[in-house]
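User: I would like a close look at one part of this protein: the strands and how they pair into sheets. Please walk me through it in one connected answer.

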Amino acid sequence: MIQIKVINKSHHPLPQYATALSAGMDLRANIPEPVTLKPMERRLIPTGLFIALPPGFEAQIRPRSGLALKHGITVLNTPGTIDADYRGEVMVLLVNFSAEDFVVADGERIAQMVIARHEQVEWEETDQLDETVRGAGGYGHTGVK
């Protein structure tokens, strides 16, 4: 378990894990009045949270499966990444892929946040890569069985 500093300028409780084995914590909209997302419209929704991640970690902002299935609402840049040196407000870029308006209410759970460890790389330029069974096989390379 890691400690992460957080400033909560919202009037909602801090995100928390719903179960003991949950990977993500629900983020809530922190808005003064409801926001209507028209079909195919996208909007940044504030959360009122400001975080300081330790080096080597990121916060991934992901859709909530229930909103996606029931209402066609998802996070547009999935997963959105919050870098360890970002100190601004955590915002969620929601998009409405349904054919109907969707109203985001204050306090509504709009996305989930997963804290993940990551590595940075140093490139080593080369003229040749090692051989593998897959090789350059990409999209659809395994065929249909």
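Analyst: What follows goes from the whole chain to the sheets, and then to a few single residues.

The model is predicted. The protein chain has 10 strands and one helix. Along the sequence, the order is β-β-β-β-β-α-β-β-β-β-β. The helix therefore has five β symbols before it and five after it in that pattern.

Start with the overall dimensions. The C-alpha atoms of the protein chain fill a box of roughly 55 × 40 × 30 Å along the principal axes. The radius of gyration is 19 Å, whereas a compact globule of 145 residues would have one near 15 Å. Of the 145 residues, 31% count as buried. Contacts also reach across the sequence. Among those in the protein chain with a separation of 6 or more, 71% are between residues 24 or more positions apart.

Now the sheet that contains S1. Which strands make it up, and in what order? The order is S1-S4-S8-S6, four strands in an open sheet with antiparallel pairing. Strand S1 (5-8) and strand S6 (73-75) are the edges. Each has a single partner strand, so one side of each is left without a neighbour in the sheet. From one strand to the next, the twist averages 40 degrees.

Take the pairings of S8 in turn. Strand S4 covers residues 42-52 and is joined to S8 by six bridges, in the antiparallel sense. Within this pairing, Pro 46 stands opposite Met 91 in S8. Strand S8 covers residues 89-96 and also pairs with S6, again antiparallel, over three bridges. Two residue pairs mark out the S6 side. Ile 73 has Asn 96 in S8 as its bridge partner. Val 75 has Leu 94 in S8 as its bridge partner.

The other sheet to follow contains S10. It too is open and has four strands, in the order S2-S10-S5-S7, with antiparallel pairing. The edges here are S2 and strand S7 (80-82). Each of these has a single partner strand, so one side of each lacks a neighbour in the sheet. Neighbouring strands are turned by 35 degrees against each other on average, direction ignored.

Go through this sheet strand by strand. Strand S2 (residues 25-28) and strand S10 (residues 109-117) run antiparallel and are joined by four bridges. Asp 26 stands opposite Gln 112 in S10. On the way to the other edge, strand S5 (residues 57-62) is joined to S10 by six bridges, also antiparallel. Here Gln 60 stands opposite Val 114 in S10. S5 is in turn joined to S7 by three antiparallel bridges. Gln 60 appears again in this pairing, with Thr 81 as its bridge partner in S7. Gln 60 can thus be used to trace a row across the sheet: Val 114 in S10 stands opposite it, and Thr 81 in S7 is its bridge partner.

Next, two residues outside the strands. Ile 4 is found in the segment before S1. Is Ile 4 buried or exposed, or partly exposed? Ile 4 counts as partly exposed because its relative accessibility is 27%, and that class lies between the cut-offs of 20% and 50%. Beyond its neighbours within four places in sequence, Ile 4 is in contact with Ile 51, Ala 52, Leu 53, Pro 54 and Ile 115. Ile 51 is 47 residues away along the chain, yet the C-alpha atoms of Ile 4 and Ile 51 are separated by 7.0 Å.

Gln 120 lies in the segment after S10. Gln 120 is exposed because its relative accessible area is 73%, and exposed means over 50%. Gln 120 and Gly 56 are 64 residues apart in sequence, and their C-alpha atoms are 7.9 Å apart in space.

Last, the rings. The structure holds zero aromatic pairs. One ring does have a charge over it: Lys 9 lies over the face of Phe 50, at 4.9 Å from the ring centre.

In short, the two sheets described here are S1-S4-S8-S6 and S2-S10-S5-S7. Both are open, with antiparallel pairing.

Definitions and conventions
Residues are numbered from 1 along each chain as its sequence is written. This is a predicted model: local features need pLDDT of at least 70, side-chain atom pairs count only at pLDDT 80 or more; totals for chains, interfaces and linings use all residues. Side-chain values use heavy atoms; hydrogens and water are left out. Two strands pair if DSSP finds at least two bridges between them. Axes are lines fitted to C-alpha atoms, for helices over the stretch in contact, and angles run from 0 to 180 degrees between N-to-C directions. Rings of Phe, Tyr and Trp (its six-membered ring) pair if their centres lie within 6.5 Å; planes under 30 degrees apart count as stacked, over 60 as edge-to-face and the rest as tilted. A charge sits over a ring if NZ of Lys or CZ of Arg is within 6 Å of the ring centre and within 35 degrees of the ring normal. The radius of gyration is taken over C-alpha atoms; the globule rule is 2.2 Å times the number of residues to the power 0.38. Buried means under 20% relative accessible area, exposed over 50%, partly exposed in between (1.4 Å probe, protein chains only). Contact means heavy atoms within 4.5 Å.
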